[in-house]
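Got your viewer open and your mouse ready? Let's take a walk through this protein, one selection at a time.

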Amino acid sequence: MEYCSFLENYRVYTQGNETPELIHLWCGLSALAGACEKRLYIDQEFFQLYLNLYILLVAPAGVAAKSTSMGLALKMLKEGGFNVLEGAVLKEKIIEDMEELQNTIDTPNGTFTHASVTYVSNELNVMLNAGIDMVKFLVDIYDRGDAYVYKTKRSGQYEISYPYFNM
């Protein structure tokens, strides 16, 4: 199978372990999406299509070495200086971290502030235990084209400019 040059290089980078190539492909796609952040999109005239992905790797425990492949993608993103959230993270903690991790870049049209993160967890149950509020949050921020505002009773208000959540 022939891939784009990044994915081909990623395939070479990840070869030599027990993880199936298909698992490595999806982790490579997630790493690529994480590196694109909210800075790269496909212009569809009426909307912009961003490259963030919500990927679930499903296989029996100990068979497909999912953690091995996710660890390689995670290492690559961290070494590249990209924002990564790991493990058991609640919605409120994600919101707090995203507000803190906002990044401003200069563009030909002025400055652009965005909050781009890649979330990695070895267990789906971590996400599912957070309940329907987490699902609603993930839907709300998936293709948000402006600020996401989250108000709490005790902690005040969090505002995330142009959130980009890759999982």
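**Stop 1: the largest pocket**

Keep in mind that you are looking at a predicted model. Start with the largest pocket, which has a volume of about 710 Å³. It is lined by 33 residues, and to find the middle you can select Ile55, Leu56, Leu57, Met70 and Ser121, the closest ones to its centre.

Now colour the pieces of the chain that build the lining. Select α2 (21-36), α3 (66-79), β5 (110-120), α5 (124-129) and α6 (132-142): each of these supplies at least two lining residues. Which element gives the largest share of the lining? That is α3, with six residues.

Try colouring the lining by residue type as well. You should get 25 nonpolar residues, six polar ones and two charged ones.

**Stop 2: the second largest pocket**

Next, move to the second largest pocket, with a volume of about 240 Å³. To show its lining, select Lys38, Arg39, Tyr41, Tyr50, Ile105, Thr107, Pro108, Asn109, Gly110, Thr111 and Phe112. Two strands, β4 (103-107) and β5, each supply at least two of the lining residues. The largest share here comes from β5, which gives three residues. Colour by type again, and the lining splits into five nonpolar, four polar and two charged residues.

You have now met β5 at both stops: it supplies at least two residues to the lining of the largest pocket, and at least two to that of the second largest pocket.

**Stop 3: a nonpolar patch and its loop**

Switch on the surface and select Ile42, Phe46, Phe47 and Leu49. These four form a nonpolar patch on the surface, and together they have about 460 Å² of accessible area. Zoom in on Phe47, which sits in the loop between β1 (41-43) and β2 (48-50). Phe47 counts as partly exposed because its relative accessibility is 46%, and exposed would need over 50%.

Stay in this loop and click on Glu45, which also lies between β1 and β2. With a relative accessibility of 73%, Glu45 counts as exposed. Check the backbone too: the phi of Glu45 is near 65°, a positive value in a residue other than glycine. Why point that out? Because most residues other than glycine have a negative phi.

**Stop 4: another positive phi**

There is a second residue of this kind to visit. Select Ala65, in the loop between β2 and α3. Its phi is near 50°, again positive in a residue other than glycine. Is Ala65 buried or exposed? It counts as buried, because its relative accessibility is 16% and the limit for buried is under 20%.

**Stop 5: salt bridges**

How many salt bridges does a search of the whole structure find? The answer is six. Let's look at some of them.

- Select Arg11 and Glu8. Their side chains meet in a salt bridge, at 2.4 Å from N to O. The two residues are three apart in helix α1 (residues 5-14), so about one helical turn separates them. Arg11 is partly exposed at 26% relative accessibility, and Glu8 is partly exposed at 22%.
- Select Asp97 and Lys93. Here the closest N and O atoms of the salt bridge are 3.0 Å apart. Both residues lie in helix α4 (residues 91-100), four residues apart, which is about one turn of the helix. Asp97 is buried, with a relative accessible area of 13%, whereas Lys93 is partly exposed, at 41%.
- Select Asp146 and Arg144. They form a salt bridge too, with the closest N and O atoms 3.6 Å apart. Asp146 is partly exposed at 39% relative accessibility, and Arg144 is partly exposed at 23%.

**Stop 6: a long ruler**

For the last stop, get out the distance tool. Select Gly156, found in the loop between β6 (148-151) and β7 (157-160). Gly156 is partly exposed, with a relative accessible area of 32%. Now add Lys78 and draw a line from C-alpha to C-alpha. How far apart are Gly156 and Lys78 in space? They are 31 Å apart, and in sequence they are separated by 78 residues.

Terms used:
Residues are numbered from 1 along each chain as its sequence is written. This is a predicted model: local features need pLDDT of at least 70, side-chain atom pairs count only at pLDDT 80 or more; totals for chains, interfaces and linings use all residues. Side-chain values use heavy atoms; hydrogens and water are left out. Patches are made of residues with over 30% relative accessible area and no salt bridge: like charges are joined within 9 Å, nonpolar side chains (Val, Leu, Ile, Met, Phe, Trp, Tyr) within 5 Å. Accessible areas come from the Shrake-Rupley method with a 1.4 Å probe; for residues, only the protein chains shown count as cover. Buried means under 20% relative accessible area, exposed over 50%, partly exposed in between (1.4 Å probe, protein chains only). On a 1 Å grid over the protein atoms alone, a cavity is a set of points where a 1.4 Å probe fits but cannot get out, and a pocket is an open set with protein on both sides within 12 Å along at least five of seven lines; lining residues have an atom within 4 Å of a point. Grid points are joined across faces, edges and corners, and a volume is the space filled by probe spheres set on the points. Ala, Val, Leu, Ile, Met, Phe, Trp, Tyr, Cys and Pro count as nonpolar, Asp, Glu, Lys and Arg as charged, and the others, Gly among them, as polar.
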